[in-house]
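Visitor: I'd like a close look at one part of this model, the place where the two protein chains meet. Could you walk me through it and then show me how it relates to the DNA?

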Protein chains: 2
Amino acid sequence: MESPSYPTYTEPWDSAHQWDTRADCEVRQILDRIADKWSLLVISLLDGRSLRFGQLMRLIDGVSQRMLTITLRQLERDGLLTRHVYPVSPPHVEYTLTEMGRSLRQTIQPLVAWTETHQDAIAHARNAYDRSHEG
Amino acid sequence: MESPSYPTYTEPWDSAHQWDTRADCEVRQILDRIADKWSLLVISLLDGRSLRFGQLMRLIDGVSQRMLTITLRQLERDGLLTRHVYPVSPPHVEYTLTEMGRSLRQTIQPLVAWTETHQDAIAHARNAYDRSHEG
DNA sequence: CAGTATCCCTCACGATACTG
DNA sequence: CAGTATCGTGAGGGATACTG
């Protein structure tokens, strides 16, 4: 599968760094999606329960109708949650995590815990940096 | 510290959903930072070794000088990597993860693994969604 | 209630040129 | 080599008004 004419690359490299660094890297696309302004919050709030559109609106401070709609549609498109419409008037719509959504929520948990554990250290590092680089 | 006149909130809620959903939430600020377009890639590539500016430029396809500089400065400011300048000409600068940077790298690893495991499922879900919503 | 539609603006980012 | 400075664009996203 490898072309013999392709020159051997001499950058330092080993099996521990097998990330795909191309701009269209799938992993980074998915990370960009789940780490956007609202997706993580939605996934977190739906853990273990279903919620309606208005409930999510009230639980997420600062989100607009427009952005909540877009976020929910993207997560639905990615198969991370399902949208169930009850055909009543006024409309009743419930959002629920899929199996994949729940597994993502589990995976995110350690990262959330890391930020909580280290937020003071990061704040301290920022202060130190700003003091030593003030103009 | 709590005002007695603040009304008791009656939304469904339990101890499993204790996220801070305010717009200025520290956790989300940090997640926004580490999940931006280039930071994860830099942290990943620096795992277990130091690299120079030019090496990172060549390893990260598509990054501009400007964005690599900004990304590295932010990560340095957050205490996730250190910048070591060798006072020679031409300049020689090396970037190395700090202890905190290495611990973040460890924490990110499961999330990267998750995206790799589920990227086919997500692509499939997107296709199914697009087919059923085409118009 | 759960959305769409439209306007508008910021700012993140790329491109390019220059420098100690 | 490792940056800084400047300009231009466009996608992200807020505000507002309207609707089945």
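Guide: Let's start in the middle. Among the residues of chain A, A:A35 sits closest to the rotation axis, with its C-alpha at 3.0 Å. Keep in mind that this is a predicted model. As for the axis itself, turning chain A by 180 degrees, with 0.1 Å of shift along the axis, lays it on chain B with an RMSD of 0.1 Å. The two copies are therefore related as by a two-fold rotation axis. Both copies also use the same surface, since 100% of the contact residues of chain A recur in chain B.

Now for the extent of that contact. Chain A puts in 61 residues and chain B 62. Between them, about 5,900 Å² is buried, and carbon and sulfur atoms give 63% of that area.

There is a polar side to the interface too. The salt-bridge rule finds 4 pairs across the interface of chain A and chain B. One of the salt bridges joins A:R77 to B:D130, whose closest N and O atoms are 2.8 Å apart. A count of polar contacts across the interface gives 8 residue pairs, both residues at pLDDT 80 or more.

Which elements build the chain A side? α1 (26-34), α2 (39-45), α3, α4 and α5 (99-132) of chain A each bring at least two residues to the side that touches chain B. The biggest giver is α5(A), with 20 residues. Sorted by class, that side of chain A has 30 nonpolar, 11 polar and 20 charged residues.

Some of these helices turn up again at the DNA. The surface near DNA strand C draws at least two residues from each of α3 (53-59), α4 (65-77) and β3 (92-97) of chain A, and from α4 (65-77) of chain B. Here α4(A) gives the most, with 4 residues. In all, 19 residues surround the strand, and A:Q65, A:R83, A:Y95, B:R66 and B:M67 come nearest. On the DNA side, sugar and phosphate make up 61% of the strand C atoms that come within 4 Å of the protein. The protein residues there split into 8 nonpolar, 5 polar and 6 charged.

A few individual contacts round this off. A:Q65 reaches a base: an N or O atom of its side chain is 2.7 Å from a base nitrogen of DNA strand C. A:R52 goes for the backbone, with a polar side-chain atom 2.8 Å from a phosphate oxygen of the strand. From the other chain, B:K37 has a side-chain N or O atom 3.2 Å from a phosphate oxygen of DNA strand C.

Notes. Residues numbered from 1 in each chain as written. Chains lettered and ligands numbered in written order. Predicted model: local features only at pLDDT ≥ 70, side-chain atom pairs only at ≥ 80, totals over all residues. Heavy atoms only, no water. Near = heavy atom within 4 Å. Polar contact = N/O pair within 3.5 Å; in protein donor to acceptor, adjacent residues only side chain to side chain. Nonpolar A, V, L, I, M, F, W, Y, C, P; charged D, E, K, R; others polar. Least-squares fit on C-alpha atoms with pLDDT ≥ 70 in both. Contact = heavy atoms within 4.5 Å. Buried area = accessible area lost by both parts, 1.4 Å probe. Salt bridge = Lys/Arg side-chain N within 4 Å of Asp/Glu carboxyl O.
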